[in-house]
Amino acid sequence: MSEDLEGKIALITGANKGIGYEIARQLGSRGATVLVGARDIGRGEEAANKLRLNQIDARTIQLDVIDQKTIDSASKQIESEFGKLDILVNNAGILSDGDRLPPSQVDIETLRHTYETNVFGVFAVTKTLLPLLKKSTAGRIVNLSSGLGSLTQNSDPNIGLLFDF
Ligand SMILES: NC(=O)c1ccc[n+]([C@@H]2O[C@H](COP(=O)([O-])OP(=O)(O)OC[C@H]3O[C@@H](n4cnc5c(N)ncnc54)[C@H](OP(=O)(O)O)[C@@H]3O)[C@@H](O)[C@H]2O)c1
């Protein structure tokens with residue numbers, strides 16, 4: 001196991017499964033202490049347990065990116081336990097079936113919920129944790145995106161991401 005991230009504290013949102021879990025596993029394998037952000041503490045603890053079985057220093061942090069109270073308490077917890085944050089990975093994201101419809105058929109509440117999570121959630125988490133990231137000697141913020149968010153791809157009629165209205 002390489003240990004080049006020894007001493008680094010990394011928070012990954014939505015790390016209880018999928019890409020977020022794998023990011024946590026890989027950062028942890030390189031020696032980072034990984035904070036498994038999960039909106040459901042049980043699912044988070046299950047994932048952190050699996051990581052610990054792989055000799056990874058993993059802790060669970062309850063964090064729902066659309067609930068500012070949980071973001072504030074995660075920030076306080078990180079501050080009191082570590083005093084800094086080195087890596088923030090904004091991974092939590094959703095794509096519901098309703099988002100895949102042509103714009104003329106998308107329900108506004110579905111769209112609002114997707115923006116709350118994928119856009120305002122990233123802003124809220126990053127803004128709240130910025131003071132802790134600034135306490136790191138080399139703070140890093142990583143935002144996950146998608147081809148669906150690519151202006152280039154969405155404006156290229158040959159790629160075909162554009163929906164028929
Ligand atoms: N998979 C792909 O092909 C692909 C392609 C491009 C981009 N991405 C991006 O990569 C990221 C991860 O995708 P994935 O495929 O790993 O998705 P996934 O398997 O559906 O996992 C999403 C994670 O985000 C969490 N989450 C959702 N809403 C949340 C909220 N309000 N607060 C905190 N956590 C929340 C989920 O928690 P629960 O378990 O509680 O639901 C889960 O842990 C997303 O940002 C996605 O847009 C994925």
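This report describes the fold of a predicted model, its largest pocket and the surroundings of its ligand.

## Overall architecture

The protein chain of this predicted model contains five helices and five strands, and these elements follow one another along the sequence in the pattern β-α-β-α-β-α-β-α-β-α. Taken along its principal axes, the C-alpha trace of the protein chain extends over about 50 × 35 × 30 Å.

## The largest pocket

The largest pocket encloses a volume of about 1400 Å³, and its lining is made up of 45 residues, among which G93, I94, L95, T114 and N118 are those nearest the centre of the pocket. Sorted by class, this lining comprises 22 nonpolar, 17 polar and six charged residues.

Several secondary-structure elements contribute to the lining of the largest pocket, including helix 1 (18-29), strand 2 (33-38) and helix 4 (108-134), each of which supplies at least two residues. Of the contributions to this lining, the largest share is that of helix 4, which provides eight residues.

## The ligand and its shell

The ligand sits in the largest pocket, where 18 residues surround the ligand, the closest being N16, I19, R39, N91 and S145. When the residues of this shell are grouped by class, six are nonpolar, eight are polar and four are charged.

## Polar contacts and coverage

Oxygen atoms of the ligand are approached by polar side-chain atoms from N16, R39 and R43. For R39, an N or O atom of the side chain is 2.7 Å from a ligand oxygen atom, while for N16, which is also listed among the closest residues of the shell, a polar side-chain atom lies 2.8 Å from an oxygen atom of the ligand. In the case of R43, the separation between a polar side-chain atom and an oxygen atom of the ligand is 2.9 Å. Alongside these contacts, the protein covers 72% of the accessible area of the ligand, which amounts to 900 Å² for the ligand on its own.

How values were computed. Residues are numbered from 1 along each chain as its sequence is written. This is a predicted model: local features need pLDDT of at least 70, side-chain atom pairs count only at pLDDT 80 or more; totals for chains, interfaces and linings use all residues. Side-chain values use heavy atoms; hydrogens and water are left out. A residue is near a molecule or strand if one of its heavy atoms lies within 4 Å of it. A polar contact is a pair of N or O atoms within 3.5 Å; within protein, one must be able to donate a hydrogen and the other to accept it, and residues adjacent in sequence count only if both atoms are side-chain atoms. Accessible areas come from the Shrake-Rupley method with a 1.4 Å probe; for residues, only the protein chains shown count as cover. On a 1 Å grid over the protein atoms alone, a cavity is a set of points where a 1.4 Å probe fits but cannot get out, and a pocket is an open set with protein on both sides within 12 Å along at least five of seven lines; lining residues have an atom within 4 Å of a point. A molecule sits in a cavity or pocket if more than half of its atoms lie within 2 Å of its grid points. Ala, Val, Leu, Ile, Met, Phe, Trp, Tyr, Cys and Pro count as nonpolar, Asp, Glu, Lys and Arg as charged, and the others, Gly among them, as polar. Grid points are joined across faces, edges and corners, and a volume is the space filled by probe spheres set on the points. Helices (H or I, at least four residues) and strands (E, at least two) are DSSP runs, numbered from the N terminus.
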